[in-house]
Amino acid sequence: MPDVSSPPLIARAEHYHERTAVADFAGTYTYADLLDASARVASALLAVREDLAEERVAFLVTPGFAWVAVQWGIWRAGGIAVPLPLGSPAAELEYFVDDAQAAALIYDAPSERVLAPLAAARGVRAHSTEQVLAHQPAPLPVVAGERRAMILYTSGTTSRPKGVVTTHTNITAQITPLVEAWEWSADDHIVLCLPLHHVHGIVNVVSCALWSGAVCEMLPRFDANAVWERIASGRLTLFMAVPTIYVKLIAAWEAAPPERRTALSEAASRLRLMVSGSAALPVSTLERWKEITGHTLLERYGMTEIGMALSNSYRGQRVPGSVGTPLPGVDVRL
């Protein structure tokens, strides 16, 4: 039976125990591996306490299995996860950590030189991913849906980035309309090439995949040729990106030899869905992508503050330049 003491996204993992959940540069991992690893992270964060009681835990980890295990571990310990952006200058990271009032920081080896001094200067607890993943599991608290779960920072177009707080129930309400509208299933396989400090990567890709029992391949960073390799593998069923990524993929396709272009186009045509969001998609890019792959990109609209709200139809007609109609369970008023 699912673990009712855990947030819904984590409790659902019990349904998919031995299925592959995550693939990264180091290998593949099952849902059981993810449950075990996140329990270890949670136990390490708790130490001698019974519950983090919504303590903020900021983390800077390369996309991959460890990133998901850390996020889930923070949640299972009763904490609020604050994912930090890779590649940000120290001053920006300091702002996020201070504004969120983080009581602990988690970092992997590449991020240690940035976060360890930051933690020491503030007197907050610092943990490496190696340490928390090696901890022995211990009893974990019950985490109710109304608990605050995550703080994501806006892009800061009007002023300094603002922290947006979501509860576990909020996150579930963001995932379920997308799973329904885009017909996610356990047979799906997606590759992540988006940053993991915004809704697009965290919710639309990773969380929807893991809610559905699907496989999420996680690239450490975007690389156009690496993405085309994953498309060419024939394993993917979905792909989601921002317009600038599609522009770079088009350029990489155009730079390839003719026989390679043919193979890439045929492989891409077999995916069931390709999505573009987070910025307006130029019609010229949409049209060129359709010429290359046969796909009319599905555009959608959302915000850090609310998640996704609008989407073009998965099965019906898609209108270039339109972000569609309200998702299931969403009301929109102009």
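At 59% relative accessibility, E291 counts as exposed; the classes used here are buried for under 20% relative accessible area, exposed for over 50%, and partly exposed in between, with a 1.4 Å probe and protein chains only. The model is a predicted one, in which local features need pLDDT of at least 70 and side-chain atom pairs count only at pLDDT 80 or more, while totals for chains, interfaces and linings use all residues. Residues are numbered from 1 along each chain as its sequence is written, and side-chain values use heavy atoms, with hydrogens and water left out.

E291 has a charged partner, R288, and their side chains meet in a salt bridge with an N to O distance of 2.9 Å. A salt bridge here is a side-chain nitrogen of Lys or Arg within 4 Å of a carboxyl oxygen of Asp or Glu. Both residues belong to helix α12 (residues 283-293), and because R288 and E291 are three residues apart in that helix, about one helical turn separates them. Helices (H or I, at least four residues) and strands (E, at least two) are DSSP runs, numbered from the N terminus. R288 is partly exposed, with a relative accessible area of 26%. Elsewhere, R49, E55 and R125 are joined into one network by salt bridges that share partners.

By the salt-bridge rule the count comes to 12. One of the pairs is D51 with R147, whose side chains meet at 2.5 Å, N to O. D51 sits in the loop between α2 (31-46) and β3 (56-60), and R147 in the loop between α6 (129-133) and β7 (148-153), so this pair ties together parts that are 96 residues apart in sequence. The two ends of the bridge fall into separate accessibility classes: D51 is partly exposed at 24% relative accessibility, whereas R147 is buried at 16%.

A further salt bridge joins E229 and R260, with the closest N and O atoms 2.7 Å apart. This pair also links distant parts of the chain, since E229 belongs to helix α9 (residues 224-232) and R260 to helix α11 (residues 258-269), 31 residues apart. E229 is partly exposed, with a relative accessible area of 43%, and R260 is partly exposed as well, at 28%.

Helix α9 also holds N225. Is N225 buried or exposed? N225 counts as exposed, because its relative accessibility is 53%. Its C-alpha atom is 20 Å from that of L196, a residue 29 positions away along the chain. L249, in helix α10 (residues 243-255), is buried, with a relative accessible area of 0%. The C-alpha atoms of L249 and A100 are separated by 36 Å, and the two residues are 149 apart along the chain.

The next topic is helix packing. Two packed helices are described by the angle between their axes and the distance between the axes. Helix α4 (residues 90-100) and helix α5 (residues 112-122) pack at an angle of about 45°, and their axes are 11 Å apart. That makes α4 oblique to α5. The axes are lines fitted to C-alpha atoms, for helices over the stretch in contact, and angles run from 0 to 180 degrees between N-to-C directions. Angles under 35 degrees count as roughly parallel, over 145 as roughly antiparallel, 65 to 115 as roughly perpendicular, and the rest as oblique. The crossing of α4 and α5 is right-handed, a term for a near helix turned clockwise from the far one by less than a right angle, with anticlockwise giving left-handed.

F96 lies in helix α4 and counts as buried, at 6% relative accessibility. Its C-alpha atom is 9.0 Å from that of K162, although the two residues are 66 apart along the chain.

The backbone has some points to note. Most residues other than glycine have a negative phi, and most peptide bonds are trans. Q101, in the loop between α4 and β5 (104-107), is not a glycine, yet has a positive phi of about 55°. Q101 counts as exposed, at 58% relative accessibility. S278 is not a glycine either and has a positive phi of about 80°; S278 lies in the loop between β12 (273-276) and α12.

On the surface, Y301, M303 and I306 make a nonpolar patch of about 260 Å². Patches are made of residues with over 30% relative accessible area and no salt bridge, with like charges joined within 9 Å and nonpolar side chains (Val, Leu, Ile, Met, Phe, Trp, Tyr) within 5 Å. Accessible areas come from the Shrake-Rupley method with a 1.4 Å probe, and for residues, only the protein chains shown count as cover. I306 lies in the loop between β13 (298-303) and β14 (307-311) and is partly exposed, with a relative accessible area of 46%.
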